[in-house]
Amino acid sequence: MAFIERQLQLAVNKIQQWSAFNGFTFSTAKTSCVHFCRKRRLHPEPEIKLDGQLINVVNEVKFLGVTFDKKLAFTPHVMKLRKKLDKALNILKVLSNTSWGASRTSLLRV
């Protein structure tokens, strides 16, 4: 784990040098990392620094619309996706009910 942590820190340092040379900045407040591990034995969390500040280690992070958790099970992603889609399905259920708004034109408009 120490070897991997050292290699990650060197990679972050190179990215930081490149960004400083090209005029980019990374926000240390928005930057976070996830320690992916499926083993039951707990490993210590990595201590990686960006601009002299420790990067926050979180249990799950959203990247490009996909929620990654530390065990790579994708359960949080599926649950959030289902919760989001349930709202849209509930609206369609209400609109398609025969007692309130089942007209064909109103459903096609929605």
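Which residues of α1 are buried? The views below will show you, starting with some notes on the model.

This is a predicted model, where local features need pLDDT of at least 70, side-chain atom pairs count only at pLDDT 80 or more, and totals for chains, interfaces and linings use all residues. Residues are numbered from 1 along each chain as its sequence is written, and side-chain values use heavy atoms, leaving out hydrogens and water.

**View 1. Meet helix α1, residues 2–22.** Helices here are DSSP runs (H or I, at least four residues) and strands are too (E, at least two), numbered from the N terminus. With 21 residues at 1.5 Å a residue, α1 should span 30 Å (1.5 Å times one less than its number of residues). The end C-alpha atoms are indeed 30 Å apart. After α1 comes Gly23, with a positive phi near 85°.

**View 2. The two sides of α1.** Gln9, Val12 and Ser19 are the buried residues (under 20% relative accessible area, 1.4 Å probe, protein chains only). They lie on the same side of α1 because they cover an arc of only 90° around the axis, taken from the directions to the C-beta atoms. On the other side, Phe3, Lys14, Gln17 and Phe21 are exposed (over 50%). Strand β2 is included in what covers the buried residues.

**View 3. An aromatic pair, Phe36 and Phe68.** Their rings sit 6.5 Å centre to centre with 75° between the planes, which is edge-to-face (centres within 6.5 Å, planes over 60 degrees apart). Phe36 is in the loop between β1 and β2, while Phe68 is in strand β6, 32 residues apart. Ring pairs link Phe36, Phe68 and Phe74 into a cluster.

Technical notes: Rings of Phe, Tyr and Trp (its six-membered ring) pair if their centres lie within 6.5 Å; planes under 30 degrees apart count as stacked, over 60 as edge-to-face and the rest as tilted. Contact means heavy atoms within 4.5 Å.
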